[in-house]
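Student: I am new to this structure and would be grateful for a close look at one part of it. Please choose a single strand, describe its partners, and then place it in its surroundings.

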Amino acid sequence: MTGTPPDIVDWPADAVEVGRIVDAWGVKGWIKVQPFATDPQALFSTRRWYLKSPEGALRPGPAQFPPLLKIVQSREHGEVVVAQAQDVADRTAAEALRGARVFVPRASFPTPEPDEYYWVDLIGLAVVNRAGESLGRVVGLLDTGPHSVLRVLPEGADPAAGEEAERLIPFVAAYVDTVDREAGRIVVDWGLDY
């Protein structure tokens, strides 16, 4: 397998992890990717997938993980995405990519509809209630099936405190009044004592 040498790949500043290569698919070098979203459109939005090893460090050299895969074709296949990359010629080369973390630039994501948001865009936003009282910042989200739930950690709370300090706020119109990404703020109908 050949790949783009690591010294000429510019890692995107807005790279977002969107999936993981879980296996080879077929005998002609296709790979199978487990997307992290139920709608894997971010994987289809670009033909340039950036890879990191499971440990998080770039693996140097064309004989190991290439830092960049140039995708020729990709499509959904059940709950996974299968893809053919330019320099992955056979099943052995595809199997060598097993475990690689797949990143794409946030700028290449499809534009969301009004009142739709990517999780990555909500993380870090301040959360205040209707009275203007600070509830903290979004540190993550949970997918409960019917809707997502904001994980909000109060300002100054020790992240090691974990679930004890965390507020869980359903990300639904009944509780979320506005999301203003430019101002970096979410306004919710939620009390300090909830």
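**Strand E5 and its surroundings**

Tutor: In this predicted model, strand E4, residues 68–77, and strand E5, residues 80–85, run antiparallel and are joined by 6 bridges. Strand E5 is the part to be examined here, and its pairing with E4 is a suitable place to begin.

Two positions show how the two strands face each other. Ile71 has Ala85 of E5 as its bridge partner, while Ser74 is placed opposite Ala83 of E5. The connection between the strands is a hairpin, with 2 residues between E4 and E5. Within that turn, Gly78 has a positive phi of about 70°.

E5 also has a second partner. Strand E2, which covers residues 30–35, pairs with E5 through 4 bridges, again in the antiparallel sense. Here Val33 has Val81 in E5 as its bridge partner. In general, the strands of a sheet pair through backbone hydrogen bonds, and they may do so in a parallel or an antiparallel way.

What is the accessibility of E5? The strand is mostly covered, since a residue counts as buried when its relative accessible area is under 20%, and 5 of the 6 residues of E5 are buried. For the protein as a whole, 39% of the 194 residues count as buried.

The two pairings of E5 belong to a wider arrangement. A barrel is closed by 6 strands in the order E1-E2-E5-E4-E3-E6, with antiparallel pairing. In this order E5 stands between E2 and E4. Neighbouring strands of the sheet are turned against each other by 45° on average, with direction ignored.

The whole protein contains 3 helices and 12 strands. Of its contacts with a separation of 6 or more, 55% are between residues 24 or more positions apart.

Another group of strands lies further along the chain. Strand E7, residues 126–129, and strand E12, residues 185–188, run parallel and are joined by 4 bridges; in this pair, Asn129 stands opposite Val188 of E12. E12 has an antiparallel pairing as well, with strand E11, residues 176–180, over 4 bridges. Val179 is found opposite Ile186 in E12. E11 and E12 form a hairpin with 4 residues between the strands, in which Gly184 takes a positive phi near 70°.

The pockets complete the view of the surroundings. The largest pocket has a volume of about 990 Å³. Its lining consists of 30 residues, and those closest to its centre are Ala37, Asp39, Tyr117, Tyr118 and Trp119. Strand E1 (15–25), a member of the barrel, supplies at least two residues of this lining, as do helix H1 (41–44), helix H3 (119–122) and strand E8 (134–143). By type, the lining residues divide into 19 nonpolar, 5 polar and 6 charged.

The second largest pocket has a volume of about 150 Å³. Among its lining residues are Asp115, Tyr117, Phe171 and Val172, together with Val176 and Val179. Val179 has already appeared opposite Ile186 of E12, and Tyr117 is also one of the residues closest to the centre of the largest pocket. The lining of the second largest pocket divides into 6 nonpolar, 1 polar and 2 charged residues.

To return to the strand with which this account began, E5 is paired with E4 over 6 bridges and with E2 over 4 bridges.

Terms used
Residues numbered from 1 in each chain as written. Predicted model: local features only at pLDDT ≥ 70, side-chain atom pairs only at ≥ 80, totals over all residues. Heavy atoms only, no water. 1 Å grid on protein atoms, 1.4 Å probe; cavity = no way out; pocket = protein on both sides within 12 Å on 5 of 7 lines; lining within 4 Å. Points joined across faces, edges and corners; volume = space filled by probe spheres on them. Nonpolar A, V, L, I, M, F, W, Y, C, P; charged D, E, K, R; others polar. Pairing = 2+ DSSP bridges. Axes fitted to C-alpha atoms, helices over the stretch in contact; angles between N-to-C directions. Buried < 20%, exposed > 50% of the residue type's maximum accessible area, 1.4 Å probe, protein only. Contact = heavy atoms within 4.5 Å.
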